[in-house]
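Student: I am new to this structure and would like a close look at one part of it, the place where the chains meet. Please lead up to that part with some background on the model.

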Protein chains: 2
Amino acid sequence: MNSMQWSIATCSLGGSLEEKLIAIAQAGFQAVEIYEEDIAGFMGTSKELRALAEDLGLKIVALQPIRDYEAMPEPHRTQNRERSERWFDLMEELGVNLTYVCSNTSPLAIKDPELIAADLYELAERASKRGIRVGYEALSWARWVKDWPQAWEIVRKVGHPFLGIVLDSFHCFVRRNPVQDISHLPPEKIFLVQLSDAPQLEMDPKALSRHHRVMPGQGDWEIKNFVYSILASGYNGVFSLEIFNEWLREAPPAFVAEDGIRSLKYLFDQLGLLVPSLPQGGRVQDFAFIEIVAEEDDLRELKFLLDTLGFRPECRHPVLEDELWSSGKARILLRLFDDESTSSREAPSIVGMGIEVGSSSSLAARTRELGLTLLTKNSGTGFLGVEWVGGTKLYFCDLAVEGIYGFPNLHLGLHCTRSSRGIERGSRHSPSITRVDHLTNIVPRWELYHWILIYKALLAFEVDAPVEIFDPYGLFYSRSLRSRGSLVRIALNTTEGLRTHTSHFLRSLGHAGIEHVAFLTDDIFHLAELSTKNGLPTLRIPSSYYRVLPARFNLPSHEVERLEAFNILYDKTLDGGEFFHFYTSSVGGRFFFEVVERRKGYAGYGAVNTAIRVNAQLYDVRFREKESSPNERLV
Amino acid sequence: MNSMQWSIATCSLGGSLEEKLIAIAQAGFQAVEIYEEDIAGFMGTSKELRALAEDLGLKIVALQPIRDYEAMPEPHRTQNRERSERWFDLMEELGVNLTYVCSNTSPLAIKDPELIAADLYELAERASKRGIRVGYEALSWARWVKDWPQAWEIVRKVGHPFLGIVLDSFHCFVRRNPVQDISHLPPEKIFLVQLSDAPQLEMDPKALSRHHRVMPGQGDWEIKNFVYSILASGYNGVFSLEIFNEWLREAPPAFVAEDGIRSLKYLFDQLGLLVPSLPQGGRVQDFAFIEIVAEEDDLRELKFLLDTLGFRPECRHPVLEDELWSSGKARILLRLFDDESTSSREAPSIVGMGIEVGSSSSLAARTRELGLTLLTKNSGTGFLGVEWVGGTKLYFCDLAVEGIYGFPNLHLGLHCTRSSRGIERGSRHSPSITRVDHLTNIVPRWELYHWILIYKALLAFEVDAPVEIFDPYGLFYSRSLRSRGSLVRIALNTTEGLRTHTSHFLRSLGHAGIEHVAFLTDDIFHLAELSTKNGLPTLRIPSSYYRVLPARFNLPSHEVERLEAFNILYDKTLDGGEFFHFYTSSVGGRFFFEVVERRKGYAGYGAVNTAIRVNAQLYDVRFREKESSPNERLV
């Protein structure tokens, strides 16, 4: 084991072993750990399995694991010796020379380091006769040996050349084990390194592992530091992803395997160890525009709605119906639905988002290196880009080209003109929407980690702590992502329930998508007043909300009355940050807009008002469409 | 508050406040706690809300809660005083005279019992001027006051007549607080008692609460003891269900409210305090029969399959095609699918299950008292019964009527006769299936707790510890239920994922159902040999499984060869219990049979082999139907 190799354990993917191995090889791995249960379920002989791996160019670096082995009372101790011989038989058939013992979880396990050492010595001795090396891994939920320093102390004492330690970042971080000390280990005694990550959730290790354990970069731990310490020891062997999480099993195996390569590339690139290193990509500066597709009626409704919010048409396509509407830096590209150009996606939908970047070509290169589907300039708006959440598109708009929305705007192929259309403004310094504040990506549960990784690895976004939010019919889970400088903010939401608004959105669309866009203003009251006067269909918030609000936030009554007059919701943080927001009715039942004002550094999204908003939306739909209650039973 | 009342908090249900209150009243509650967010989302005025509650005959016993109130630094302390006045305003509008403070969770909360006491005194003093009483509740995830004895110590010291304690079984049990000591509290200082339960899972309190907190009887805690201690204090006021769980919100509100009444009836009946008490119901003795409906082709296949397993037709309906097949005590009632009698259920399906009971009429009375839908003798097989999982039927078969399957069997309307049909047996003492071992109920996640409660409350079943099991495409959650004496065993399974076999089953059926029936034999090898010879289509287990098995259990090779010859799976416990099981191919892609042999007290279900079995079933389906891979993406 002389040069660094990337591997993934088959237990990290769903499907049959054959499907898994194919996906792993196609994603670009050259090594794999095979999990005991996957071998047991393989439809073929050992010989066929060995041949399959060889054909796919995959080296089987380990068969894993040997469970509940060491320090058992008799007769289990003797039986364990016997069964380990059968395990070695299998390893020989498959031509694999590394396995490992996970520290004992059995209630019968004896708390006796001497006995553990004796059993491991004996095991290593027998393994050595077959040229097999045995690792010992501290499992965070084991009976006695939960921490790697304990495991190491035993391995060191045993001193057998065929016995080493297996280090796993999950167990290490979840138990808050010392990471830096790893660098003092003799590298030849580290037989295998396993990598995984997890979000910052308080949970017992096993529950965290089963439901939330993820790939490096998909969680919140500093896996970089772990790898750094490993490398500092002089270790230069296999780094293997081992993630036993139900949601990774739900995803298609190719999807998970590709995320695995992406995760490792991102991790090792951050450490300066990827050769060649990833193209820089450059900093994401701001939103450039939002792209919406609609059929004619919806388009008319949309334009009316944007008009009441103070948006004005800025450019128009010389031939097509496409128009760019703007208010301050907020820009909406409205496109007429067209079967040919918009594929099978149903209108109306928010189908794309442009972001201002330092160098679109550099970001495009990074996109390719991270294995994502690059969109060429011919494939839509004339910008480079990448396929994004639920088949939407993310466009890279060069900052370098001064005024990408200057007149004329060549990129969008639009003919730009100052518009004279629209309503009269109330004053010269009319209140206005200044920019896009954030938007919401709704994804199925199994896609959550995928998008966290991509926002981080491709765009260098930062991630806020995970939040769980009750909606009237369940609970959803949200991670907020933001560009450096926080000008581009994305709320990434998912759910496990089937009746949350998040779930309804996914079902109605058939896949992930963008649920809403929030615009920023610096005078929400004035804007709401004008917009309402001009006929904006705002979402009606129940008056009861404004009875409860003073009991939540000690607001003076005249302030509450103003909020109520315009259906504005409110939140306040302990350090005085304030958030004001109102919603429009939904467009075609598919998406909606929000207008927000942030004061004194409020950085959230008004989650406290989510259930109120969702109930109001349901009421709105029922009221408008006279539909029946959504109380259908779901399975 | 002089007489015991049952209440439920509106946060325990999904939907709008109006929907919740209607469901709560219709289920039979006379009292309700209203949650702050539900008021805020109410589509109407305070006056209308008050009138709605009055019209429904619901007393609003509390508005809840006041959060993050006590021991805050300025300016929050002053602001909290102000906002509490607005809360009291609202309470007056609604005519409610009880509220409570949940112990502070804010990171700013000051650790100072004196300050907490001072703030609560001041709050109670102001409340008292309006005739409002204030409770103080220790929240298990609060910053400082996590345990009721801490909260009580503060309330006692304050000594204000308008300040009392609120006791909640969830926080008490999750923090392992002393339960018996509650009996020493002065009853007039207990302002409210909240009840909930939870399964035995290791998890931090907040995560447990959000995802798993349930009604009394749906979890594993001894809520009886809690109530007993409360009553021993002399308290005789409101007992309120407060369960803030995402899955209860997903369920229809009427469903949850009815479970609430059922839960309280069961709980107080166990304490001898329900008037009138529940009819005994009597002990469930054994399986009586399994009812299957199929169309002609499937029926033929089924009969062939049962024949190869040694079942023989025992009775036949004089007019219809119905037949009762049996082997030992295992009996299968086969019915020809008939649009009229079988409603809209699609054939083939396992549509019912008969159980032997002490007194069907007593159990029928208990069924009615627990608010379940009783089936009269005319509605199917001629037995009393109850609507069961996913619209299946559970029939009550009297033990008292000697030989319910005697000749002739009047109940089933079948004409019984010894059959001369079928294959020749190999020997006089031929191996055979002796009885039904267990069956699997698969339910949507939100129905899980409902069925646990009903199995316990109606049938006095016991519940094993919760188990999480990986399947090839995710994870499912299982609770095993068993009658006293363990003759009737049910594995109750659910899943949150969308690609597990559990989820596929639910989607294919459109609702909950019975996935498989396992038969018991005392000589599985002999039975498998004969059945296979007679053409039984068994599920093929990959040979790899038999390569891995010796490494799992140290089995001698001749034993492994025998297992492999008949596709038998194997498990063994630490104390030597052994489990042997094989599966049939599925019938019409809808359900399948299992044959099991248990040795030396093995009490489980071979969960270790689940992924192997599911993979083999998928392979079987693909092989037989040449279908494409199930890798479609799901949202």
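Student: Before that, what is the mean pLDDT of chain A, and what share of its residues reach 70 or more?

Tutor: This is a predicted model. The mean pLDDT of chain A is 91, and 92% of the residues of chain A reach 70 or more. Over residues 419–428 of chain A, however, the pLDDT is below 50, and this stretch has ten contacts in the model beyond near neighbours in sequence. A second stretch of chain A, residues 627–635, also has pLDDT under 50, with 13 contacts beyond four places in sequence. Where pLDDT is low, the predicted coordinates should not be read in detail. For the complex, the predictor gives an ipTM of 0.91 and a pTM of 0.93.

Some background on the fold of chain A helps. Eight strands of chain A form a closed barrel with parallel pairing, in the order β1-β2-β3-β4-β5-β6-β7-β8. On average, and with direction ignored, neighbouring strands of this sheet are turned by 30 degrees against each other. One of the pairs joins β5 (residues 133–137) and β6 (residues 163–168) of chain A, parallel and over four bridges. Within this pair, Glu137(A) has Val166(A) in β6(A) as its bridge partner. Helix α5 (residues 113–128) of chain A packs on the sheet and touches β4 (98–102), β5 and β6 of chain A. The direction of α5(A) makes about 150 degrees with that of β5(A).

Now to the part you asked about. The contact takes 65 residues from chain A and 65 residues from chain B. On the side of chain B that touches chain A, at least two residues come from each of several elements, including the helices α2 (36–40), α4 (76–94), α8 (205–212) and α10 (246–250) and the strand β21 (474–482) of chain B. Helices α15 (501–509), α17 (543–553) and α19 (610–625) of chain B also supply at least two residues each. The most comes from α17(B), with nine residues. By class, this side of chain B has 28 nonpolar, 19 polar and 18 charged residues.

The two chains are related by a rotation. A turn of 180 degrees, with a shift of 0.0 Å along the axis, lays chain B on chain A with an RMSD of 0.0 Å. That is the relation of a two-fold axis. Among the residues of chain B, Met203(B) comes closest to the rotation axis, with its C-alpha at 2.7 Å. Of the interface residues of chain B, 100% are also interface residues in chain A, so the copies meet through the same surface.

A few backbone details complete the picture. After α17(B), in the loop between α17 and α18 (557–565) of chain B, lies Asn554(B). Asn554(B) is not a glycine, yet has a positive phi of about 55 degrees. It counts as partly exposed, with 19 C-beta neighbours inside 10 Å. In chain A, Asn554(A) is found in the loop between α17 (543–553) and α18 (557–565), and Asn554(A) too has a positive phi of about 55 degrees without being a glycine. Chain B also has a cis peptide bond from Gln64(B) to Pro65(B), with omega near -20 degrees, and Pro65(B) lies in strand β3 (residues 59–66) of chain B. Another cis peptide bond runs from Glu74(B) to Pro75(B), with omega near 5 degrees. Pro75(B) is in the loop between β3 and α4 of chain B, and α4(B) is one of the helices that supply residues to the contact.

How values were computed. Residues are numbered from 1 along each chain as its sequence is written. Chains are lettered from A and ligands numbered from 1 in the order in which they are written. This is a predicted model: local features need pLDDT of at least 70, side-chain atom pairs count only at pLDDT 80 or more; totals for chains, interfaces and linings use all residues. pLDDT is the predictor's confidence in each residue, from 0 to 100. Two residues are in contact if their C-beta atoms, placed from the backbone, lie within 7 Å. Two strands pair if DSSP finds at least two bridges between them. Axes are lines fitted to C-alpha atoms, for helices over the stretch in contact, and angles run from 0 to 180 degrees between N-to-C directions. Ala, Val, Leu, Ile, Met, Phe, Trp, Tyr, Cys and Pro count as nonpolar, Asp, Glu, Lys and Arg as charged, and the others, Gly among them, as polar. Copies are superposed by least squares on the C-alpha atoms of residues with pLDDT of at least 70 in both. A residue is buried if 20 or more other C-beta atoms lie within 10 Å of its own, exposed if 12 or fewer, and partly exposed in between; C-beta atoms are placed from the backbone.
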